[in-house]
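Here is a short briefing on one protein model. Keep the sequence and the 3D view open while you read.

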Amino acid sequence: MQLFTAKPADATDIAVFLTRNTGKKWDEMLIQNDIADLTLYCVKQNNQIIAVFNIKSLGDKAKLLYRLYVAENLRGKGIGTSILNLCKKRADQSNNPIYAECPQRDDNILHFLKKNGFQQISSYNDKETVVAVCGYIPR
(Lines give C-alpha, C1' and ligand atoms only; values in the text may rest on other atoms or scores of the structure.)
Protein backbone atom coordinates (compact mmCIF):
# COMPACT_ATOMS: atom_id res chain seq x y z
CA MET A 1 0.00 0.00 0.00
CA GLN A 2 1.10 3.51 -0.77
CA LEU A 3 -0.01 6.52 1.34
CA PHE A 4 0.47 10.02 -0.10
CA THR A 5 -0.80 13.58 0.00
CA ALA A 6 -3.23 14.06 -2.89
CA LYS A 7 -2.10 16.16 -5.83
CA PRO A 8 -4.21 18.19 -8.30
CA ALA A 9 -3.83 15.45 -10.92
CA ASP A 10 -5.57 13.01 -8.52
CA ALA A 11 -8.80 15.04 -8.19
CA THR A 12 -10.80 13.29 -10.91
CA ASP A 13 -9.82 9.81 -9.71
CA ILE A 14 -10.70 10.80 -6.13
CA ALA A 15 -14.10 12.17 -7.21
CA VAL A 16 -14.84 8.92 -9.07
CA PHE A 17 -13.71 6.86 -6.05
CA LEU A 18 -15.86 8.87 -3.62
CA THR A 19 -18.91 8.80 -5.89
CA ARG A 20 -18.59 5.04 -6.35
CA ASN A 21 -18.09 4.34 -2.64
CA THR A 22 -20.53 6.80 -1.07
CA GLY A 23 -23.40 6.69 -3.52
CA LYS A 24 -23.42 10.45 -3.99
CA LYS A 25 -21.77 12.67 -6.58
CA TRP A 26 -18.76 14.57 -5.26
CA ASP A 27 -17.90 18.10 -6.30
CA GLU A 28 -14.43 18.11 -7.83
CA MET A 29 -13.93 21.72 -6.66
CA LEU A 30 -14.32 20.60 -3.03
CA ILE A 31 -11.67 17.98 -3.68
CA GLN A 32 -9.40 20.53 -5.39
CA ASN A 33 -9.78 22.84 -2.37
CA ASP A 34 -8.82 20.02 0.00
CA ILE A 35 -5.80 19.26 -2.18
CA ALA A 36 -4.77 22.93 -2.21
CA ASP A 37 -5.11 23.02 1.59
CA LEU A 38 -2.89 19.89 1.85
CA THR A 39 -5.52 18.09 3.95
CA LEU A 40 -6.46 15.24 1.58
CA TYR A 41 -4.61 11.91 1.63
CA CYS A 42 -4.94 8.83 -0.56
CA VAL A 43 -4.07 5.19 -0.14
CA LYS A 44 -3.35 3.23 -3.30
CA GLN A 45 -2.85 -0.44 -3.93
CA ASN A 46 -1.95 -1.80 -7.37
CA ASN A 47 -2.20 1.76 -8.70
CA GLN A 48 -5.88 2.02 -7.59
CA ILE A 49 -7.24 4.33 -4.88
CA ILE A 50 -8.51 2.16 -2.05
CA ALA A 51 -9.02 4.83 0.64
CA VAL A 52 -9.08 8.59 1.13
CA PHE A 53 -9.17 10.74 4.24
CA ASN A 54 -8.64 14.30 5.41
CA ILE A 55 -6.59 15.61 8.31
CA LYS A 56 -6.44 19.26 9.24
CA SER A 57 -4.93 21.22 12.10
CA LEU A 58 -7.12 22.56 14.87
CA GLY A 59 -5.14 25.44 16.26
CA ASP A 60 -1.53 24.82 17.14
CA LYS A 61 -1.44 21.14 17.98
CA ALA A 62 -4.62 19.07 17.72
CA LYS A 63 -5.66 17.44 14.45
CA LEU A 64 -9.07 16.55 13.01
CA LEU A 65 -9.54 13.38 10.97
CA TYR A 66 -12.61 13.52 8.75
CA ARG A 67 -14.08 12.02 5.59
CA LEU A 68 -12.37 8.65 5.92
CA TYR A 69 -13.63 6.39 3.14
CA VAL A 70 -12.40 2.90 2.29
CA ALA A 71 -13.38 1.13 -0.93
CA GLU A 72 -16.62 -0.72 -0.29
CA ASN A 73 -15.20 -4.08 -1.40
CA LEU A 74 -12.25 -3.71 1.00
CA ARG A 75 -14.09 -2.69 4.16
CA GLY A 76 -13.46 -4.94 7.14
CA LYS A 77 -9.98 -5.85 5.90
CA GLY A 78 -8.00 -3.56 8.23
CA ILE A 79 -7.35 -0.60 5.93
CA GLY A 80 -9.33 1.90 8.02
CA THR A 81 -7.77 0.51 11.19
CA SER A 82 -4.29 0.94 9.67
CA ILE A 83 -5.10 4.58 8.88
CA LEU A 84 -6.35 5.17 12.44
CA ASN A 85 -3.26 3.46 13.85
CA LEU A 86 -1.01 5.76 11.81
CA CYS A 87 -2.94 8.79 13.09
CA LYS A 88 -2.73 7.54 16.68
CA LYS A 89 1.00 6.85 16.33
CA ARG A 90 1.60 10.41 15.14
CA ALA A 91 -0.59 11.73 17.97
CA ASP A 92 1.44 9.70 20.49
CA GLN A 93 4.75 10.93 19.00
CA SER A 94 3.69 14.59 19.11
CA ASN A 95 1.73 14.20 22.37
CA ASN A 96 -1.21 15.98 20.72
CA PRO A 97 -4.80 14.75 20.44
CA ILE A 98 -6.56 13.78 17.25
CA TYR A 99 -10.30 14.10 16.84
CA ALA A 100 -12.71 12.49 14.39
CA GLU A 101 -16.20 13.49 13.36
CA CYS A 102 -19.04 11.36 12.05
CA PRO A 103 -22.83 11.42 11.94
CA GLN A 104 -24.17 10.58 15.42
CA ARG A 105 -26.73 8.21 13.85
CA ASP A 106 -24.03 6.09 12.19
CA ASP A 107 -23.50 3.33 14.75
CA ASN A 108 -21.00 1.51 12.50
CA ILE A 109 -18.59 4.45 12.34
CA LEU A 110 -18.97 5.25 16.04
CA HIS A 111 -18.30 1.61 16.91
CA PHE A 112 -15.28 1.56 14.57
CA LEU A 113 -13.79 4.67 16.19
CA LYS A 114 -14.43 3.41 19.74
CA LYS A 115 -13.02 -0.03 18.90
CA ASN A 116 -9.85 1.76 17.77
CA GLY A 117 -9.27 3.80 20.91
CA PHE A 118 -11.35 6.93 20.28
CA GLN A 119 -13.94 8.10 22.81
CA GLN A 120 -17.01 10.19 22.04
CA ILE A 121 -16.51 13.52 23.77
CA SER A 122 -19.28 15.72 22.35
CA SER A 123 -21.76 16.31 19.57
CA TYR A 124 -23.19 19.29 17.72
CA ASN A 125 -25.93 20.11 15.21
CA ASP A 126 -24.79 20.67 11.63
CA LYS A 127 -27.67 21.61 9.33
CA GLU A 128 -29.81 18.46 9.20
CA THR A 129 -27.68 16.04 11.21
CA VAL A 130 -26.09 15.64 14.62
CA VAL A 131 -22.32 15.20 14.40
CA ALA A 132 -20.47 13.11 16.97
CA VAL A 133 -16.98 14.23 17.94
CA CYS A 134 -14.64 11.48 19.10
CA GLY A 135 -11.13 11.98 20.40
CA TYR A 136 -7.93 10.04 20.85
CA ILE A 137 -5.76 11.49 23.59
CA PRO A 138 -2.10 10.37 23.52
CA ARG A 139 -0.89 8.10 26.29
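The points below cover the sheet, its hairpins and the helices.

The model is predicted. Its open sheet has 7 strands and mixed pairing. Helix H1 lies across part of that sheet and also packs against helix H2.

**The sheet**

- The strand order is E1-E2-E3-E4-E5-E7-E6.
- Strand E1 (2-5) and strand E6 (119-126) are the edge strands, and each pairs on one side only.
- Neighbouring strands are turned by 30 degrees against each other on average, direction ignored.

**Hairpin of E2 and E3**

- Strand E2 (residues 40-45) runs antiparallel to strand E3 (residues 48-58), and 6 bridges join the two.
- One bridge can be located by its residues: cysteine 42 has valine 52 in E3 as its partner.
- There are 2 residues between the strands. Asparagine 46 takes a positive phi near 50 degrees in this hairpin.

**Hairpin of E3 and E4**

- E3 also pairs with strand E4 (residues 62-70), in the antiparallel sense, over 7 bridges.
- Valine 52 has tyrosine 69 as its bridge partner in E4. Valine 52 is also the partner of cysteine 42.
- Serine 57 is bridged to lysine 63 in E4.
- This hairpin has 3 residues between its strands. Glycine 59 sits in the turn, with a positive phi of about 75 degrees.
- In a regular strand, side chains alternate between the two faces of the sheet.

**Helix H1 on the sheet**

- H1 lies across E2, E3 and E4.
- H1 runs at about 100 degrees to E3.

**Helix H1 against helix H2**

- Two packed helices are described by the angle between their axes and the distance between the axes.
- The axes of H1 (residues 11-22) and H2 (residues 28-36) come within 9 Å and cross at roughly 125 degrees. That angle makes H1 oblique to H2.
- The crossing of H1 past H2 is right-handed.
- On the H1 side, the contact uses Ala11, Thr12, Ile14, Ala15 and Leu18. These meet Glu28, Ile31, Gln32 and Ile35 in H2.
- By type, the contact residues are 6 nonpolar, 2 polar and 1 charged.
- An α-helix has 3.6 residues a turn, so residues three or four places apart point the same way.

**The ends of helix H4**

- What caps the N-terminal end of H4 (residues 107-115)? Aspartate 106 does, with a side-chain oxygen 3.2 Å from the backbone nitrogen of asparagine 108.
- Just after H4, glycine 117 has a positive phi of about 95 degrees.

Technical notes
Residues are numbered from 1 along each chain as its sequence is written. This is a predicted model: local features need pLDDT of at least 70, side-chain atom pairs count only at pLDDT 80 or more; totals for chains, interfaces and linings use all residues. Side-chain values use heavy atoms; hydrogens and water are left out. Two strands pair if DSSP finds at least two bridges between them. Helices (H or I, at least four residues) and strands (E, at least two) are DSSP runs, numbered from the N terminus. A polar contact is a pair of N or O atoms within 3.5 Å; within protein, one must be able to donate a hydrogen and the other to accept it, and residues adjacent in sequence count only if both atoms are side-chain atoms. Axes are lines fitted to C-alpha atoms, for helices over the stretch in contact, and angles run from 0 to 180 degrees between N-to-C directions. Angles under 35 degrees count as roughly parallel, over 145 as roughly antiparallel, 65 to 115 as roughly perpendicular and the rest as oblique. A crossing is left-handed if the near helix is turned anticlockwise from the far one by less than a right angle, and right-handed if clockwise. Contact means heavy atoms within 4.5 Å. Ala, Val, Leu, Ile, Met, Phe, Trp, Tyr, Cys and Pro count as nonpolar, Asp, Glu, Lys and Arg as charged, and the others, Gly among them, as polar.
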